[in-house]
Every structure is written in structure tokens, then in C-alpha cells.
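Work through these exercises with the structure open beside you. Try each task before reading its solution.

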Amino acid sequence: LVLGTRDYIRKNGFEKVLIGLSGGIDSSLVATIAVDALSAANVVGVALPSRYSSPASTSDAELLAQNLNIRLMAIPIEKAFQTYLEMLAKSFEGTKPNVAEENIQARIRGNILMALSNKFSRLVLTTSNKSETATGYTTLYGDMAGGLAVIKDVPKTMVYELARYRNSIAGSELIPATIIEKMPSAELRPGQQDTDSLPPYDVLDPVLTAYVEEDKSIEQIVAMGIDEDVVKQAARLVDT
């Protein structure tokens, strides 16, 4: 991952990169890989908190940036999000908030990152992992916006393994334990957790490996002892 990131950046004529730092495990791992590949001086983190971002996520992003010795810019998105809601109020009249409002936040963040990219010629590294990408649990024109998806072929469970592995090499909590231990969440609505939409990753990832990598049928995966409803849900998400 370090080699691939370094080669892609340098061979395409870039020197510096931008990463949206949410305080989550995926962006933390991507930032760490980028620093290993390019040095801290060439990596800038951007915190883009919304009304749903927890104080812990903000402080975790700050601690990670401090540990990696990278610059961290903070650009709150509340003003832009509120403006979007007001602009769309008439069009959305009579409806309940759903994934549309959630994704607006991700797209505001993508827009800001790309504006910074254009202004300062820094390539944006996206942070979606393989589990999210395979199931569509990521936002088109939002957190998918950027130039290189560093961990696009890394399942979520391996993201945690790699974070712990990198810390073991450092001999310290380079990636803070609070980031590794927290429940994964997109933080796009109150109390949101990934398990609201997906099976737990330690259950989901073996299904994705069997279905996508090994081309096993739903029946074959169920025969492995995995709950049929989970297998069918995962297969449906992958297929759509």
C-alpha cells in the first residue's frame, strides 16, 4: 500500500496530498500510509465537522495529526449544509429526512477537498475500504471524490489489522487506540452506526470474500455456516 501510493503520486507528477480526516479508522490508516509513502511534510489533513460529528471524533483527528506530525486544517461544513437544506426546503417539502440529507454532507466535504486540491495542486486521497465499496456504503461525488482510493482493496477487518500492525512497528499508539476501539460510524445522522445498514464487518467480510473473490454461490456460502439472511443481504448489496 505504501509503495503503490508513493508510485502513483510521484509518477503522476504530484508531490503533496490531501486527506479528509474524520477521526475514523479508514482515514487514519490512509493518512498513516501517506506519511510513510511521502513524508509528513507532503500530507495535509482536513477536518470537515458537521452538526453530527462527535467531539471525540474531532479530538481523535487532532491527536492523529499530532502523532503523524502533519498539518491539520479545520473547515466546519455547518453553514454550507444549512444553506443546502434551505435551498431544498420547498423541493423536499412533505418528506422525512433520509439518505439524501446524509449524502449532502459527504458531497459538501468532497467539494471542499476538490477546491483545495485545485487551488494548491494537492491530490485528494479517498478513504473508502473494500467492504464499503463492494456494498455501496459510500457516497458518489462525496467520499468517493478524489484521485486515488488507497485502501479500495482492503476489507474493513484488515483495516483494523493494519492499524494495529503499524502501531506495533512504531512501538506506540501512532493511530490512537480510541480510533481503533470506537464503533464505526459515518456520523451523518444522530447516533448512526455502520451496523444500522450493514452486518458487522467480521461477519460481512467473509461473505464478501466468498461471493466476490471466490465466486461462491449464495447456497455455498450458507453451507459454510453463515446466516442465510446475512448472505442474501450482502449478495444483494454487491449485485446492486
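**Exercise 1. How many bridges join E1 to strand E4, and do the two run parallel or antiparallel?**

Solution. The model is a predicted one.
- Step 1: Find strand E1 at residues 17-20 and strand E4 at residues 123-126.
- Step 2: Count the links. Two bridges join E1 to E4, and the strands run parallel.
- Step 3: Pick out a pair. Val17 has Leu123 as its bridge partner in E4.

**Exercise 2. Follow the strand pairing from E1 through E2 to E3, and give the hand of each crossover.**

Solution.
- Step 1: Start at E1. Four bridges join E1 to strand E2, residues 43-47, and the two run parallel. Here Leu18 has Val44 as its bridge partner.
- Step 2: Look at the connection. E1, helix H2 (residues 25-38) and E2 form a β-α-β unit, and this unit is right-handed.
- Step 3: Move on to E3, residues 71-74. Four bridges join E2 to E3, again in a parallel run. Gly45 stands opposite Leu72 there.
- Step 4: Check the second connection. E2, H3 and E3 also make a right-handed β-α-β unit.

**Exercise 3. Are the residues on the two faces of E1 buried or exposed?**

Solution.
- Step 1: Sort the residues by face. Val17 and Ile19 lie on one side, Leu18 and Gly20 on the other.
- Step 2: Judge each face. All four residues are buried, so both faces of E1 are covered.
- Step 3: Look for E1 residues in the core. Val17 and Ile19 are among the residues with the most contacts inside the largest nonpolar core, which has 33 residues.
- Step 4: See what else builds this core. Elements that give two or more residues to it include E1, H2, E4 and helix H7 (156-170). H2 gives the most, with nine residues.

**Exercise 4. Which salt bridge links Asp26 to a distant part of the chain, and is the pair buried or exposed?**

Solution.
- Step 1: Recall the principle. Side chains of opposite charge can pair when their charged atoms come close.
- Step 2: Find the partner. Asp26 meets Lys156 in a salt bridge, 2.9 Å from N to O.
- Step 3: Place both ends. Asp26 is in helix H2 and Lys156 is in helix H7, 130 residues apart.
- Step 4: Check the surroundings. Asp26 and Lys156 are both buried.

**Exercise 5. Why does the salt bridge between Glu78 and Arg51 tie together separate parts of the sequence?**

Solution.
- Step 1: Confirm the contact. The closest N and O atoms of Glu78 and Arg51 are 2.7 Å apart.
- Step 2: Locate the residues. Glu78 is in helix H4 (residues 78-88), while Arg51 is in the loop between E2 and H3, so the bridge ties together parts 27 residues apart in sequence.
- Step 3: Classify both ends. Partly exposed means between 20% and 50% relative accessible area. Glu78 has 29%, so this residue is partly exposed. Arg51 has 38%, so Arg51 is partly exposed too.

**Exercise 6. Which residues form a nonpolar patch on the surface with Met144, and where does Met144 lie?**

Solution.
- Step 1: Name the members. Leu140 and Tyr141 join Met144 in the patch.
- Step 2: Give the area. Together they have about 330 Å² of accessible area.
- Step 3: Place Met144. This residue lies in the loop between helix H6 (130-135) and strand E5 (148-149).
- Step 4: Classify Met144. Its relative accessibility is 39%, so Met144 counts as partly exposed.

Technical notes: Residues numbered from 1 in each chain as written. Predicted model: local features only at pLDDT ≥ 70, side-chain atom pairs only at ≥ 80, totals over all residues. Heavy atoms only, no water. Buried < 20%, exposed > 50% of the residue type's maximum accessible area, 1.4 Å probe, protein only. Pairing = 2+ DSSP bridges. Right-handed = clockwise from strand over helix to strand, strands pointing away. Patch = residues over 30% accessible without salt bridge, like charges linked within 9 Å, V, L, I, M, F, W, Y side chains within 5 Å. Areas by Shrake-Rupley, 256 points an atom, 1.4 Å probe, with all protein chains shown as cover. Salt bridge = Lys/Arg side-chain N within 4 Å of Asp/Glu carboxyl O. Core = buried A, V, L, I, M, F, W, Y, C linked by side-chain atoms within 4.5 Å.
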